[in-house]
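Could you walk me through this structure in my viewer, one selection at a time? I would like to know what to pick next and what I will find there.

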Amino acid sequence: MSPRSASVNEELRRRSRERLLQAAVELVGEHGFEATTLGDIADRAGSARGLVSYYFPGKRQLVQSAVHRLMHRTLEEALEREPCTEDGRERLARAIDAILGLARDRPVLMRQHMAGLLHAEGFVQCPEQRRLAELLSDTVTRYGAQDVSADYPMLRALLMGAVYAALVPGVPMPVPLLRAELFRRYRLDWAMGVPPESRPDPAAHGGDLSRFFATGDRPGGA
């Protein structure tokens with residue numbers, strides 16, 4: 001049997017990493033961070049356990065990368081949905097609704113993510129986190145920010161604060177109230193984005209996250 005080409009090996013590595021990211025999001029969302037082991041993640045992904053440490057330094061880094069992937073793909077999906085728009089205010093409204101929607105629909109996962117950010121490692125600098133930052137920076141730019149280097153971190157901080165407030169055990173703030181405050185700050189109309197009263201059925205995609213993780217064949221095959 002002839003050895004696999006470099007491109008085939010690269011594709012197999014890509015798929016392995018994607019499966020690990022998807023498995024991490026699913027399991028932490030189901031059971032929480034502490035109850036999920038790297039072995040559990042590897043088993044769900046159908047990967048050898050040694051592959052986890054090949055791609056990620058540890059569980060916290062893997063889970064944070066996985067959540068950042070879910071966040072940036074959710075945001076990307078919201079920004080690109082029909083009807084497509086270049087209107088900066090509408091795009092900012094969609095971005096706010098996308099992030100708050102994750103807090104509403106995946107509270108266990110997002111609570112664990114927020115807790116992880118307060119850990120010593122802080123933000124994990126990974127492709128997923130960088131893509132999320134790029135999307136939010138572009139959103140701020142299209143909104144018309146005069147100083148993106150200052151306005152992007154402020155938007156990020158406000159979104160993180162809103163997610164935290166929505167997830168505090170025992171005293172969570174209602175997502176519509178947090179949305180209203182953010183919309184007032186940015187002078188957005190309530191009807192923009194996806195207002196709570198018109199949000200689609202949260203079960204539309206069920207629990208299937210596969211659309212956010214490229215684990216299948218690419219067009220034309222590998």
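Start by selecting Phe33, Arg60, Val63, Gln64, Val67, Gln112, His113, Gly116 and Leu117: together they line the second largest cavity of this predicted model. The space they enclose has a volume of about 60 Å³. Colour the helices and you will find that H4 and H6 are the elements giving two or more residues to this lining. Now colour the selection by class, and four nonpolar, four polar and one charged residues appear.

**The largest cavity**

How many cavities of 30 Å³ or more does the structure hold? There are two, and the largest has a volume of about 190 Å³. To find it, select Met71, Leu132, Leu136, Arg156 and Met160, which lie nearest its centre among the 17 residues of the lining. Next, show the helices around this cavity: H4, helix H6 (107-117), H7 and H8 each supply at least two lining residues. Which of the helices gives the largest share of this lining? That is H8, with five residues. Colouring by class divides the lining into 13 nonpolar residues, three polar ones and one charged.

**The whole chain**

Zoom out for a moment and switch to a cartoon view. The chain has nine helices and zero strands, so from the N terminus on, every element you trace reads α-α-α-α-α-α-α-α-α. Colour by accessibility next: 46% of the 222 residues count as buried. If you display contacts with a separation of 6 or more, residues 24 or more positions apart account for 71% of them.

**Along helix H4**

Select residues 59-80 to highlight helix H4, then pick arginine 69 within this helix. Is arginine 69 buried or exposed? Its relative accessible area is 9%, so arginine 69 is buried. Show the side chain of glutamate 128 too, and look for the polar contact of 3.2 Å that joins it to the side chain of arginine 69. Leaving aside residues up to four places away in sequence, arginine 69 touches Arg17, Glu18, Leu21, Glu128, Phe212, Phe213 and Ala214.

Stay on helix H4 and move to glutamine 61, which also has its place there. Glutamine 61 counts as buried because its relative accessibility is 16%, under the 20% cut-off. Turn on backbone atoms here: the backbone nitrogen of glycine 58 lies 3.3 Å from a polar atom of the glutamine 61 side chain.

**The nonpolar core**

Now select Leu20, Leu62, Leu75, Ile96 and Leu188. These are the residues with the most contacts inside the largest nonpolar core, which has 60 residues. Keep leucine 75 selected and bring up its neighbours. Not counting residues up to four places away in sequence, leucine 75 touches Ala95, Ala98, Leu132, Leu135 and Leu136. You have already met Leu132 and Leu136, two of the residues nearest the centre of the largest cavity.

**Leucine 178 in helix H9**

Highlight residues 175-185, which form helix H9, and pick leucine 178 there. Why does leucine 178 count as buried? Leucine 178 counts as buried because its relative accessibility is 10%, under the 20% cut-off. Select leucine 100 as well and draw a line between the two C-alpha atoms: the pair is 78 residues apart in sequence and 8.5 Å apart in space. Leu100 is also one of the residues that leucine 178 touches, along with Ala162, Ala165, Ala166 and Met173, again not counting residues up to four places away in sequence.

**Last stop: a pocket**

Finish by selecting Val140, Tyr143, Ala145, Asp151, Met154, Leu155, Arg185, Tyr186 and Arg187, the lining of the second largest pocket. Helix H7 (127-143) and helix H8 (148-167) are the elements that give two or more residues to this lining. The largest share, three residues, comes from H8. How much space lies in this pocket? About 150 Å³. Colour its lining by class to see six nonpolar residues, no polar ones and three charged.

Methods
Residues numbered from 1 in each chain as written. Predicted model: local features only at pLDDT ≥ 70, side-chain atom pairs only at ≥ 80, totals over all residues. Heavy atoms only, no water. Helix = DSSP H or I, 4+ residues; strand = E, 2+ residues; numbered from the N terminus. Buried < 20%, exposed > 50% of the residue type's maximum accessible area, 1.4 Å probe, protein only. Polar contact = N/O pair within 3.5 Å; in protein donor to acceptor, adjacent residues only side chain to side chain. Contact = heavy atoms within 4.5 Å. Core = buried A, V, L, I, M, F, W, Y, C linked by side-chain atoms within 4.5 Å. 1 Å grid on protein atoms, 1.4 Å probe; cavity = no way out; pocket = protein on both sides within 12 Å on 5 of 7 lines; lining within 4 Å. Points joined across faces, edges and corners; volume = space filled by probe spheres on them. Nonpolar A, V, L, I, M, F, W, Y, C, P; charged D, E, K, R; others polar.
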